[in-house]
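Trainee: I would like to go through this model and ask what backs each label.
Mentor: Go ahead; here it is.

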Amino acid sequence: GDHQEAKRAFSRALRLYPAAEVLDTTLVTFGQAGCLADAGEPEQALRLGRDTLLGLPGEQRTGIVVQAARSLGATVGARHPGLPAVREYQEVLLRRP
């Protein structure tokens with residue numbers, strides 16, 4: 001696909017949300033991370049996902065957010081099973097907020 005256009009679309013989407021909108025911006029950010037993974041940037045994708053998770057207050061780690069985070073990890077892990085960043089990302093997923 002057109003990864004550059006997708007990147008621009010995610011950036012535009014993020015700018016449309018108010019700063020206080022945590023859930024939607026978090027999900028858009030995980031979409032952005034998925035786009036990076038699809039573009040062949042697995043480490044960058046996991047870094048964005050990790051930073052997003054670590055930046056969330058515990059109460060914002062809702063089921064849908066955790067599902068998006070796990071999906072990113074599973075997708076990248078299936079494509080790049082030996083990548084150290086996959087293991088590190090999985091460790092962040094297991095942490096309690």
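**Labels and the values behind them**

Mentor: From the N terminus on, the elements of the protein chain run α-α-α-α-α. That is 5 helices and 0 strands. The model is predicted.

Trainee: How do you know what confidence the predictor has in the protein chain?

Mentor: pLDDT gives the predictor's confidence in each residue, from 0 to 100. The protein chain averages 92, and 98% of the residues score at least 70. Among the elements, helix 1 (residues 3–16) has the lowest mean pLDDT, 85, and helix 3 (residues 42–54) has the highest, 97.

Trainee: What makes the radius of gyration of the protein chain agree with a compact globule?

Mentor: A compact globule of 97 residues would have a radius of gyration near 13 Å, and the protein chain has 13 Å, so the two agree. Along the principal axes, the C-alpha atoms fill a box of roughly 40 × 35 × 15 Å. The accessible surface comes to about 5900 Å², with 53% of that belonging to carbon and sulfur atoms.

Trainee: Why is Gln-32 called buried or exposed?

Mentor: Buried means under 20% relative accessible area. Gln-32 has 16% relative accessibility, so Gln-32 counts as buried. Gln-32 is found in helix 2, and, leaving out residues up to four places away in sequence, touches Phe-10, Ser-11, Leu-14 and Leu-48. Over the protein chain, 32% of the 97 residues count as buried.

Trainee: Why is Pro-81 called buried or exposed?

Mentor: Exposed means over 50% relative accessible area. Pro-81 has 65%, and therefore counts as exposed. Pro-81 is found in the loop between helix 4 and helix 5. Pro-81 and Thr-26 are 55 residues apart in sequence, and their C-alpha atoms are 25 Å apart in space.

Trainee: And how do you know whether Leu-72 is buried or exposed?

Mentor: The relative accessible area of Leu-72 is 5%, and the cut-off for buried is under 20%, so Leu-72 is buried. Leu-72 is found in helix 4. Not counting residues up to four places away in sequence, Leu-72 touches Phe-30, Ala-33, Gly-34, Ala-45, Leu-46, Gly-49 and Tyr-89. The C-alpha atoms of Leu-72 and Arg-12, 60 residues apart along the chain, are separated by 21 Å.

Trainee: What makes a set of residues a nonpolar core?

Mentor: The members must be buried, be of the listed nonpolar types such as Ala, Val, Leu, Phe and Tyr, and be joined through side-chain atoms within 4.5 Å. The largest such core here has 19 residues; those with the most contacts inside it include Phe-30, Leu-46, Leu-72, Val-76 and Tyr-89. Helix 2 (22–38), helix 3, helix 4 (63–79) and helix 5 (84–94) each supply at least two residues of this core. Val-76 touches Ala-37, Pro-42, Leu-46 and Val-86, again not counting residues up to four places away in sequence. In soluble globular proteins, nonpolar side chains tend to be buried together.

Trainee: Which residues of helix 5 are buried, and why are they said to lie on the same side?

Mentor: Ala-85, Val-86, Tyr-89, Val-92 and Leu-93 are buried in helix 5. They cover an arc of only 120 degrees around the axis, so they lie on the same side of helix 5. What covers these buried residues includes helix 2, helix 3 and helix 4.

Key
Residues numbered from 1 in each chain as written. Predicted model: local features only at pLDDT ≥ 70, side-chain atom pairs only at ≥ 80, totals over all residues. Heavy atoms only, no water. Helix = DSSP H or I, 4+ residues; strand = E, 2+ residues; numbered from the N terminus. Buried < 20%, exposed > 50% of the residue type's maximum accessible area, 1.4 Å probe, protein only. Contact = heavy atoms within 4.5 Å. Rg over C-alpha atoms; globule rule 2.2 N^0.38 Å. Areas by Shrake-Rupley, 256 points an atom, 1.4 Å probe, with all protein chains shown as cover. Arc of directions from axis to C-beta.
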